[in-house]
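Student: I have a structure open and want to go through it with you. Can we start from the top?

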Amino acid sequence: MRRLLLALPFALLPLAVAHAADEHDHDHEHGSLGAHVHGVARLDMALDGRTLELELDTPAMNIVGFEHPATTDADKMTLALAKETLLKPHALFSLPETAGCTATRQRVESTLFGDKDDDDHDHDHDHDQAGGDATEHEHSEIHGHYQFTCSAPNVLNKLDLTQLFKSFPATQTIQVQLVTPKRQMGAEVRPSNPVVKF
Ligand SMILES: [Zn+2]
């Protein structure tokens with residue numbers, strides 16, 4: 001689904017423009033998140049007809065509190081519980097009831113779950129980051145892909161992320177980019193202001 005979302009004109013959005021300006025070669029980016037900042041997650045949202053697609057990219061730190069491979073039973077349990085929560089889209093994303101949205105697909109991926117890293121670039125290559133922080137510990141991310149089908153997409157005018165913040169309180173900011181037939185916009189939401197209106 002990442003390919004599908006990237007095919008949409010996100011490049012016109014302010015955040016994407018700012019990001020593209022300092023990294024021209026997308027093949028060398030770290031996944032689709034761009035910057036990996038603990039506490040910050042990214043949510044791409046696209047409404048096309050009756051189909052609403054959401055893609056969540058977040059440092060694993062925000063979700064499970066660590067980014068190293070799980071070795072202890074406690075870590076494995078934390079991961080399993082997080083995955084279970086992430087696979088319940090209706091418990092994470094609150095949409096107006098009148099829009100009649102039903103989750104039709106959900107998928108969660110992370111190297112921490114044993115999934116293969118699907119980044120385009122080769123992880124053995126050095127990162128050319130200006131800050132020279134390539135020697136820091138290895139980071140991990142968690143990706144969630146969700147699809148809803150909405151019976152009345154025209155009344156879809158907000159997305160409430162309260163439950164997502166409550167489920168994963170280490171998440172301090174979610175950078176939202178959305179595309180609907182009417183508009184495209186970027187927004188930053190926080191636990192104190194968790195609703196995106198569009
Ligand atoms: Zn990290």
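Tutor: What follows is a short walk through a predicted model.

Student: Which protein atoms are the donors of the zinc ion?

Tutor: The donors are NE2 of H36, NE2 of H38, two OE atoms of E67, and ND1 of H139. They lie 1.8 to 2.8 Å from the zinc ion.

Student: How are the donor residues spaced in sequence?

Tutor: The pattern is H-x1-H-x28-E-x71-H. H38 and H139 link distant parts of the chain, being 101 residues apart. H38 sits in the loop between α2 (14-22) and β1 (40-48), and H139 sits in the loop between β3 (101-110) and β4 (141-150).

Student: Is H38 buried or partly exposed?

Tutor: H38 is partly exposed, at a relative accessible area of 33%. H139 also counts as partly exposed, at 24% relative accessibility. The cut-off for buried is under 20%, so neither value qualifies.

Student: Change of topic. What is the strand order in the open sheet?

Tutor: The order is β3-β4-β2-β1-β6-β7, which makes 6 strands with mixed pairing. β3 and β7 (184-189) are the edge strands, each pairing on one side only. From one strand to the next the twist averages 15°.

Student: How does pairing work in a sheet, in general?

Tutor: Strands of a sheet pair through backbone hydrogen bonds, in either a parallel or an antiparallel way.

Student: Which way do β2 and β4 run, parallel or antiparallel?

Tutor: Strand β2 (residues 51-59) and β4 run antiparallel and are joined by 9 bridges. One of the bridge pairs is L56 with G144 in β4.

Student: And how many bridges join β3 to β4?

Tutor: There are 9 bridges between β3 and β4, and these strands run antiparallel. E109 stands opposite H143 in β4.

Student: How many residues of β4 are buried?

Tutor: Of the 10 residues of β4, 9 are buried, so the strand is largely enclosed by the rest of the structure. Q147 is in strand β4 and is buried, with a relative accessible area of 16%.

Student: What does the side chain of Q147 make a polar contact with?

Tutor: The side chain of Q147 makes a polar contact with the side chain of E53, at 3.5 Å. Leaving out residues up to four places away in sequence, Q147 touches T51, L52, E53, T102, A103, T104 and R105.

Student: Next, how many disulfides does a search of the whole structure find?

Tutor: The search finds 1 disulfide. C101 and C150 form it, with their sulfur atoms 2.1 Å apart. C101 lies in strand β3 and C150 in strand β4, so the disulfide ties together parts that are 49 residues apart in sequence.

Student: Why is the disulfide of C101 and C150 called right-handed?

Tutor: Because the torsion about the S-S bond is about 105°. C101 and C150 are both buried.

Student: Now some loops. Where is F168 found?

Tutor: F168 is in the loop between α6 (162-167) and β6 (173-179). F168 counts as buried, because its relative accessibility is 3%, and the cut-off is under 20%.

Student: What is F168 in contact with, leaving aside its neighbours within four places in sequence?

Tutor: The contacts of F168 are N62, I63, A82, T85, L86 and L92. F168 and A82 are 86 residues apart in sequence, while their C-alpha atoms are 8.7 Å apart in space.

Student: Last one: where is N157?

Tutor: N157 is in the loop between β4 and β5 (158-160). N157 counts as partly exposed, at 39% relative accessibility.

Student: Which residues is N157 in contact with, leaving aside its neighbours within four places in sequence?

Tutor: Those residues are P96, V196, K197 and F198. N157 and F198 are 41 residues apart in sequence, with a C-alpha to C-alpha distance of 5.1 Å.

Conventions
Residues numbered from 1 in each chain as written. Predicted model: local features only at pLDDT ≥ 70, side-chain atom pairs only at ≥ 80, totals over all residues. Heavy atoms only, no water. Donors = N, O, S within 2.8 Å, 3.2 Å for Na, K, Ca; no water. Helix = DSSP H or I, 4+ residues; strand = E, 2+ residues; numbered from the N terminus. Buried < 20%, exposed > 50% of the residue type's maximum accessible area, 1.4 Å probe, protein only. Contact = heavy atoms within 4.5 Å. Pairing = 2+ DSSP bridges. Axes fitted to C-alpha atoms, helices over the stretch in contact; angles between N-to-C directions. Polar contact = N/O pair within 3.5 Å; in protein donor to acceptor, adjacent residues only side chain to side chain. Disulfide = S-S within 2.5 Å.
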